[in-house]
Amino acid sequence: MCQWGMRQSAELENHMTSVERVLEYTNLEPEPAMETAEEFKPKGVWPSEGRIEFVNFNLRYKPTGDCILRNLKFTIEPKQKVGIVGRTGAGKSSIIQSMFRLAYNEGMIRIDGVDIANIGLYDLRSKISIIPKILCYFRELYVTTWILYKNIRMKKCSKHWQMWS
Ligand SMILES: Nc1ncnc2c1ncn2[C@@H]1O[C@H](COP(=O)(O)OP(=O)(O)O)[C@@H](O)[C@H]1O
Ligand SMILES: [Mg+2]
């Protein structure tokens, strides 16, 4: 009887923790819209060329935290290949994250002239891809990257270095 009582009280405690979590989740600020509002839908195919512009751009990971990227201004023209170098913690990955709107963006990022702040999260994220640098650690990732590589290569190029032109 005593054992049963102990077990019941532990179980009650567990269930109450679940309730507490659900209540906390209901207080979270909802994510921005997944789909683009009708008035902001890009006309025709978007993105069509791939021009990326950062206009006086700042990034924070917390609404009240420090700016991780400050006043970034640059344009990447269509088909231009760009390497970003910097020591660990310089903000290279943050530049990519800001294009997916994963943290708090200030200023503007335009892709083919469209401000990505006005694009729904699903619409935006489904148009950008990352080829990860860690090829061999996760078998699935390696396979995906290999298939991507083969598709590009088989489509146009007989030599792997022609893929880049
Ligand atoms: N998810 C995160 N939350 C809070 N701070 C972060 C997060 N990711 C990165 N940072 C901070 O942002 C800065 C830039 O990091 P990161 O973009 O990862 O640099 P890099 O890719 O150049 O090594 C670092 O100071 C790092 O601590
Ligand atoms: Mg990084």
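## The nonpolar core

In this predicted model, the largest nonpolar core is made up of eleven residues, namely Ile52, Phe54, Phe57, Leu59, Leu69, Ile95, Ile109, Ile111, Ile116, Ile119 and Leu124. At least two residues of this core come from strand 1, and at least two from strand 3, while the largest share, four residues, is supplied by strand 1.

One member of the core can be followed further through its contacts. When neighbours within four places in sequence are left aside, isoleucine 95 is in contact with Leu69 and Ile84, and of these two partners Leu69 is itself listed in the core.

## How the strands pair

Strand 1, which covers residues 52–60, pairs with strand 2, residues 67–76, in the antiparallel sense over six bridges. The connection between strand 1 and strand 2 is a hairpin of six residues, and within the pairing glutamate 53 stands opposite threonine 75 of strand 2.

Strand 1 also pairs with strand 3, residues 104–111, again in the antiparallel sense, and here the pairing runs over seven bridges. In this second pairing leucine 59, a residue of the core, stands opposite asparagine 105 of strand 3.

## The surroundings of ligand 1

Which residues surround ligand 1? The shell consists of Tyr61, Ile68, Gly86, Thr88, Gly89, Ala90, Gly91, Lys92, Ser93 and Ser94. Helix 2, spanning residues 92–99, gives the most to this shell, with three residues.

By residue class, the shell around ligand 1 divides into three nonpolar residues, six polar residues and one charged residue.

## Confidence in the model

The chain has an average pLDDT of 87, and 80% of its residues score at least 70. Among the elements of the chain, the highest mean pLDDT, 97, belongs to strand 1, whereas the lowest, 63, belongs to helix 4, residues 139–156. Where pLDDT is low, the predicted coordinates should not be read in detail.

Strand 1, with its mean pLDDT of 97, is therefore a useful place for a new reader to begin, since where pLDDT is low the coordinates call for caution.

Notes
Residues are numbered from 1 along each chain as its sequence is written. Chains are lettered from A and ligands numbered from 1 in the order in which they are written. This is a predicted model: local features need pLDDT of at least 70, side-chain atom pairs count only at pLDDT 80 or more; totals for chains, interfaces and linings use all residues. Two strands pair if DSSP finds at least two bridges between them. A residue is near a molecule or strand if its C-beta atom, placed from the backbone, lies within 6 Å of it. Ala, Val, Leu, Ile, Met, Phe, Trp, Tyr, Cys and Pro count as nonpolar, Asp, Glu, Lys and Arg as charged, and the others, Gly among them, as polar. A nonpolar core is a set of buried Ala, Val, Leu, Ile, Met, Phe, Trp, Tyr and Cys residues joined through C-beta atoms within 7 Å. A residue is buried if 20 or more other C-beta atoms lie within 10 Å of its own, exposed if 12 or fewer, and partly exposed in between; C-beta atoms are placed from the backbone. Two residues are in contact if their C-beta atoms, placed from the backbone, lie within 7 Å. pLDDT is the predictor's confidence in each residue, from 0 to 100.
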